[in-house]
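Here is a quick tour for anyone about to open this structure in a viewer. Keep the sequence and the coordinates side by side as you read.

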Amino acid sequence: MTTAATRPSDRRVSPVFLGILAVSAVTGWATWTGFAAESGLAVFLFVTSAWVVSLCLHEYAHARTALHGGDISVGAKGYLTLNPMKYTHALLSIVLPVLFVIMGGIGLPGGAVFIERGRIRGRWRHSLISAAGPLTNVLFAVICTAPFWLGALDGVPPAFRFALAFLALLQVTAAILNFLPVPGLDGYGVIEPWLSHAVRRQVEPFAPFGLLFVFALLWVPSVNGVFFDMIDSVLGFLCIEEIDTYCGFNLFRFWQGADEVCGV
């Protein structure tokens with residue numbers, strides 16, 4: 001098993017991931033330059049591909065941290081190649097998060113890389129493995145918002161600015177949702193090693209339904225309002241205005257037609 005986990009092919013970046021990254025780069029360039037005839041389509045492809053790239057890196061962070069923590073099986077499973085088709089549930093990891101972005105402009109925590117927790121020793125290592133994924137989303141959010149809080153937006157085309165703001169919103173929502181201490185989410189994985197065995201056994205049956213429970217709550221108007229007020233506050237702290245994320249979402253859903261307020 002050790003030999004299999006250290007083969008170069010187990011860590012070689014997948015052509016699938018490189019293809020998605022290339023789409024993100026090309027459509028980002030098209031959005032920036034205005035090369036695309038339809039800026040909305042370019043924004044849609046740019047945000048979607050960049051979002052999938054972040055999902056891949058989220059899962060890679062889990063796997064890479066697990067490898068250093070003692071789970072040498074992640075290499076043989078293909079988790080270190082950044083190939084989304086290697087995840088335990090490709091549908092849950094990629095397709096559903098993209099659909100949720102299209103439907104509601106929210107960053108759904110995706111993914112599933114199966115970590116053999118029995119190979120990991122030490123509660124801190126278990127917590128770090130769980131935290132590694134959402135911390136990747138935090139890093140992405142910092143990168144996406146940097147031009148805003150650094151005041152480096154002079155000369156940035158409006159379509160690209162709006163796309164970046166919407167992508168930042170997805171990263172912030174993904175990070176916050178992932179860090180919720182709800183069974184089945186990474187936030188619970190951070191605290192789980194520190195709970196008693198009895199508590200963990202009682203909570204374990206609810207893990208498959210944790211994410212569904214969270215999204216059921218978000219359908220409640222009052223809860224939804226509080227959640228997005230919190231998101232807006234975080235983005236506001238990072239110098240992103242609501243009009244930026246609104247126009248980003250509006251351009252992303254190009255089939256509905258552009259809003260004149262956005263001026264693109």
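What follows goes through model confidence, the nonpolar core, the cysteines and the salt bridges, and ends with a look at one helix residue.

## How far to trust it

First things first: this is a predicted model. The mean pLDDT of the protein is 87, and 92% of the residues come in at 70 or more.

The chain start is another matter. Residues 1–5 have pLDDT under 50 throughout, and the model gives this stretch 11 contacts beyond four places in sequence.

## The nonpolar core

The largest nonpolar core is made of 63 residues, and the members that touch the most others are Val47, Trp51, Val74, Leu170 and Phe252. At least two core residues come from each of α3 (15–33), α4 (39–69), α6 (90–104), α7 (123–149), α8 (158–178), α11 (210–218), α12 (221–237) and α13 (242–252). Helix α8 makes the largest contribution, with 14 residues. As a rule, nonpolar side chains in soluble globular proteins tend to be buried together.

Leu170 is a handy residue to click on. Once you set aside neighbours within four places in sequence, Leu170 is in contact with Val47, Trp51, Val101, Gly105, Ile106 and Gly107. Two of those partners, Val47 and Trp51, also appear among the core members that touch the most others.

## Cysteines, paired and unpaired

There is one disulfide in the structure. Cys247 and Cys262 make the bond, with 2.1 Å between their sulfur atoms. The pair links distant parts of the chain, with Cys247 in helix α13 and Cys262 in the segment after α13, 15 residues apart. The disulfide is left-handed, because the torsion about the S-S bond of Cys247 and Cys262 is about -95 degrees. Both Cys247 and Cys262 are buried.

Why is there no bond between Cys144 and Cys239? The closest cysteine sulfur to that of Cys144 belongs to Cys239, and at 15 Å it is too far for a bond. Looking from the other end gives the matching result: for Cys239, the closest cysteine sulfur is the one in Cys144, also at 15 Å and too far. As for their surroundings, Cys144 counts as buried because its relative accessibility is 6%, while Cys239 has 39% and so counts as partly exposed.

## Salt bridges

A search of the whole structure turns up four salt bridges. One of them joins Arg119 to Asp71, with 3.7 Å between the closest N and O atoms. Arg119 sits in the loop between α6 and α7 and Asp71 in the loop between α4 and α5 (73–76), so this pair ties together parts that are 48 residues apart in sequence. Arg119 is partly exposed at 30% relative accessibility, whereas Asp71 is buried at 0%.

Another of the bridges is Glu116 with Lys77, where the closest N and O atoms are 3.2 Å apart. Glu116 is in the loop between α6 and α7 and Lys77 in the loop between α5 and α6, so here the parts tied together are 39 residues apart in sequence. Both ends are partly exposed, Glu116 with a relative accessible area of 24% and Lys77 with 23%.

Then there is Arg161 with Asp244, whose closest N and O atoms are 3.0 Å apart. This pair links distant parts of the chain, Arg161 in helix α8 and Asp244 in helix α13, 83 residues apart. Arg161 counts as partly exposed at 25% relative accessibility, and Asp244 is buried with a relative accessible area of 2%. Salt bridges that share partners also join Asp71, Lys77, Glu116 and Arg119 into one network.

## A look at Ala216

Which helix holds Ala216? That would be α11. Is Ala216 buried or partly exposed? With 44% relative accessibility, Ala216 counts as partly exposed, since residues need over 50% to be exposed and under 20% to be buried.

For a sense of distance, try Ala216 and Val138. These two are 78 residues apart in sequence, and their C-alpha atoms are 24 Å apart in space.

How values were computed. Residues are numbered from 1 along each chain as its sequence is written. This is a predicted model: local features need pLDDT of at least 70, side-chain atom pairs count only at pLDDT 80 or more; totals for chains, interfaces and linings use all residues. Side-chain values use heavy atoms; hydrogens and water are left out. A nonpolar core is a set of buried Ala, Val, Leu, Ile, Met, Phe, Trp, Tyr and Cys residues joined through side-chain atoms within 4.5 Å. Buried means under 20% relative accessible area, exposed over 50%, partly exposed in between (1.4 Å probe, protein chains only). Helices (H or I, at least four residues) and strands (E, at least two) are DSSP runs, numbered from the N terminus. Contact means heavy atoms within 4.5 Å. pLDDT is the predictor's confidence in each residue, from 0 to 100. A disulfide is a pair of cysteine sulfur atoms within 2.5 Å. A salt bridge is a side-chain nitrogen of Lys or Arg within 4 Å of a carboxyl oxygen of Asp or Glu.
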